[in-house]
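Hi,

Here is the structure I promised to pass on to you. Have a look at it first, and then read on for what I found in it.

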Amino acid sequence: MQLQAETKHTEHSEFVSFTVAGQAFCLQITQIREIRRWQPVTVLPHAPADVLGVMNLRGAVIPIYDLSARFGLQQTEASERNVVIVVSVNEKPVGLLAESVSEIISIDPDDIQETPQVDSRNTMDFIQGIISQNDEMVRIINLNAVISSPEQVSL
Amino acid sequence: MTGSIMDTFFEECEELLEAMDAGLAAIEEGDQDPETVNAVFRAVHSIKGGAGAFGLDELVAFAHNFETVFDDVRSNKLQLDEKLIQLLFRASDHLSDLVVCARDGGQIDEAHHTVLISALAEYIDEDEEELVFEPMGMGAAFEPAPLAEVQQETSYDIRFHPLKEMFATGNEPYFLFQALADLGTLTVKLDDSELPGFDAMEDGESYLSWELTLVTGESRSSIEAVFEFVEGLCELSISSEGDDAAEADALAALNAAFGIPLAEDDAAVALPLEQPAPEPVEASAPAAVEVEEVPDFAEGAVAEKAAVAKKDAAKSSGPKPTLRVELDRVDRLINAVGELIINHSMLAQQIANLDASDTRDVETELEGFKNLARDIQEGVMAIRAQPVKPLFQRMARIVREASAATGKTAKLVTIGEATEVDKTVIERLADPLTHILRNAVDHGIEAPENRAAAGKDKAGEIRLTAAHRSGSVCIEVKDDGAGLNRKKIRQIAIDKGLIPADAELSDSEIDNLLFMPGFSTAKEISNLSGRGVGLDVVKNAVTALGGRVSISSVPGDGSMFSIILPLTLAVMDGMVVSVAGHTMVVPITAIVETMRGNEDMINNLGSDGTLLSIRGSFVPICDVAGSLGLRTSTTNEPAGVYLLVETENGDRCALAVDDIHDQRQVVIKSLDGVCGNVPGVSAATILGDGKIAMILDPESIVTASSSAAVFDTDRRMNNAIAS
């Protein structure tokens, strides 16, 4: 919702697109703090499958989520070729594992289409809109829905 | 602007309230020192003054009443008895409530406010405001009042010469004299002998002196207190008739000689000027000072110097100079030091990896670097460390209120108030301690009649102790009540389905059932403790601080809560170990002993239990990798290394890990807000290679594995603690 309110004011918004489990996703460029190459993380005991572990980001301990597992797709076998997209959720840095970053796309907010009704509740929550780019469908991720993990709620 | 000045005022208020509480506590203990009373008076007075400046009328009005009563105490018009002290305590509690209300907004308890004001008013003597002093203009002598009504009345000769700086600060001699007149019968005589002619008079210069004679039953210090605010701004000498009058005069003359340039050539010049001064009380006072008394004069000078030196010494032993620093800045510094320590271990690792033939010199320097880093770290930690005294003082109030609400009499005795603990720990300890103390009064201490029947003092005693103990802080709350009713506790736990009816529990296990969620022994919900929230809240709060809480009890003699907390929340000494390919850190404080494993030490017990034999005794083995879910297959192969740890309630357990690498200082990075609470892990740290390692919590690993074997419900308890 906030995203849409913001985009109304600017003619074009810039999004960073990337692939997760072969599908194209994107995040607004202002939501991304940095993109890092994958490095092995420290595993958290008893963590759910979509939490890969924690990483040292210049002295801060940040959790790394596997976006693919989070979306219910197969778990990513992380390697050197993969990237970690560091985003800020509620002022806290969080890392998201993606297969690879594709490009920066600039789109008119009017070109963002609503997510069509599908049967999966999770999908509906996680995807806040879709863009058609070079005949490919790019999904806009609703960051707050993806990262409002039960752990953080329980705190 | 006003905001920041007000912030400063409230900060000062907090300190003043602390000073006030400390003073009242000392008075309750039987401290007779008038200075203590004065200190409390000054604190209340300063709060009143500051509140007045901000137009906080309610606060001013109450502080005024409070102060007036205290002023009477100060001047011995009121005798401090138990009832009055209790009232003063309640008034001080209320005063701090008012300060909080003024700061944060909110409503005060009107009824309580009125009750206290009228209770205080009862003590205020109506004639009090009447002054013996009649303002008649400068230089007017006052009629000496009837002498010596009270036996111990002493006559003091006070010579007072304000410096020009005193007027610059807005002080007014008249008010000082008025304050003196409150103390007794005052005779004022102006000495205008220094006054030059109009043509020589300098603007703003101070020429006048006064000779005052005060007949009073007050001590010398209360006279000095009148002049407290003009200290250093005037020349003052106070002598009583007991003093050698000649010497006093010589001193006064000396003051005059040093202070006034006009008389600088010879003290004798100043001396004759005093001759006309009538001595209404002490007839034997010498009218003149002879030349041969110069040795005395010199002696006086020496004595005065000594007195000054003594005063300086007294000053330096008083409150030390302090610096107000924003907490943010300290925290930034702490973070930077944390990075420095991490950086050191990275450097050390890089050097170790270097392909250089001789790194000895570098390593020596690196060792020096490490020591310096440690010094800085300790220094920074010391900034955050604060004595627990203010916290303990707040607890005194909790006990007072709790005893009033339950109709029991309980006294709080605090020991080790100077123990310094990290500020965050102190802040987050307030709630659990409050809970424990309320419990102690509500459930621990018996009703007065039961106490009498048991041959105990009617007033219960609760001891609150803080002490440093081998790298951690130990806080104990001990009451002399009836102790825990284990049978009842057990029954309740069974009734609430917390344990199976046939569970075999040791005494300490029963005691610790109190910490289980949903446990509350109060039969009916009292308005103090037992609002359905049990001691599990205490346990969670303490665990969150990386600490442990346990309870022990002796029937008939009372029970004791012990809270063990880490000294700091930022750095600790840890043993770096590897577990199933992961590097992890175990707090050194938890480890009793480490040993290499070999097959002879392993003994099977049942299908999946294994025991480690250590010098003839058997200790259960807990596989860390298994308990963290990092390895599922349990083999009977001996692990690389066993770490013998001891839990809070004295159980021993051997943690099986693969290897030990190093023992080093690690910076604690909280996992709060990163991933919630992970069972078996207390925090994380960053190693020399920049990787993150988990800091293990041996206690929860041990309880998790042992409780699974004992009874199922315990697991529920651990899960509840973990979440």
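In helix H7 of chain B, which spans residues 173-183, the buried residues are Pro173(B), Leu176(B), Phe177(B), Leu180(B), Ala181(B), Asp182(B) and Leu183(B). So that you can find the surroundings on your screen: the elements covering these buried residues include strand S1 (154-162), strand S2 (184-191), strand S3 (209-216) and helix H8 (220-226), which belong to chain B. Please keep in mind that this is a predicted model.

Now for the two chains. Chain B has 723 residues, and 33% of them are buried. It holds 22 helices and 22 strands. Taking the contacts in chain B with a separation of 6 or more, 69% are between residues 24 or more positions apart. Chain A has 155 residues, of which 31% count as buried, and it contains five helices and 10 strands. In chain A, residues 24 or more positions apart account for 52% of the contacts with a separation of 6 or more.

How many residues of chain B are in contact with chain A? There are 24 of them, and they meet 19 residues of chain A. On the chain B side, strand S21 (681-686) and strand S22 (692-696) are the elements that give two or more residues to this contact. Sorted by class, that side of chain B has 13 nonpolar, seven polar and four charged residues.

Next, the nonpolar cores. The largest one has 83 residues, and the members that touch the most others in it are Val54(A), Val624(B) and Leu655(B). Strand S12 of chain B (residues 571-579) gives this core its largest share, six residues. Domain 3 (327-385) and domain 5 (571-722) of chain B each supply at least three residues to this core. If you would like one residue to zoom in on, try Leu655(B): leaving aside residues up to four places away in sequence, Leu655(B) touches Cys622(B), Val624(B), Tyr642(B), Leu643(B), Val645(B), Pro698(B) and Ile701(B). There is also a second, separate core of 74 residues, with Ile47(B), Val73(B), Ile426(B) and Ile475(B) among them.

S12(B) is worth following into its strand pairing. S12(B) runs antiparallel to strand S13 of chain B (residues 582-587), and six bridges join the two. Val579(B) has His582(B) in S13(B) as its bridge partner. The hairpin of S12(B) and S13(B) has two residues between the strands, and Ala580(B) takes a positive phi near 45° there. S13(B) is also joined to S22(B), by two bridges, and this pair runs parallel. Here Met584(B) has Met694(B) in S22(B) as its bridge partner. S22(B), you may recall, is one of the strands on the side of chain B that touches chain A.

Finally, there is an open sheet of six strands in chain B, with mixed pairing and the order S14-S18-S19-S17-S16-S15. Which strands sit at its edges? They are strand S14 (591-596) and strand S15 (602-605) of chain B, each pairing on one side only. On average, neighbouring strands of this sheet are turned by 35° against each other, direction ignored. Within chain B, strand S16 (residues 609-614) and strand S17 (residues 617-623) run antiparallel and are joined by four bridges, and Ile614(B) stands opposite Ser617(B) in S17(B).

Happy browsing, and best wishes!

Definitions and conventions
Residues numbered from 1 in each chain as written. Chains lettered and ligands numbered in written order. Predicted model: local features only at pLDDT ≥ 70, side-chain atom pairs only at ≥ 80, totals over all residues. Contact = placed C-beta atoms within 7 Å. Nonpolar A, V, L, I, M, F, W, Y, C, P; charged D, E, K, R; others polar. Core = buried A, V, L, I, M, F, W, Y, C linked by C-beta atoms within 7 Å. Buried ≥ 20, exposed ≤ 12 C-beta atoms within 10 Å, placed from the backbone. Domains from an automatic or database assignment. Pairing = 2+ DSSP bridges. Axes fitted to C-alpha atoms, helices over the stretch in contact; angles between N-to-C directions.
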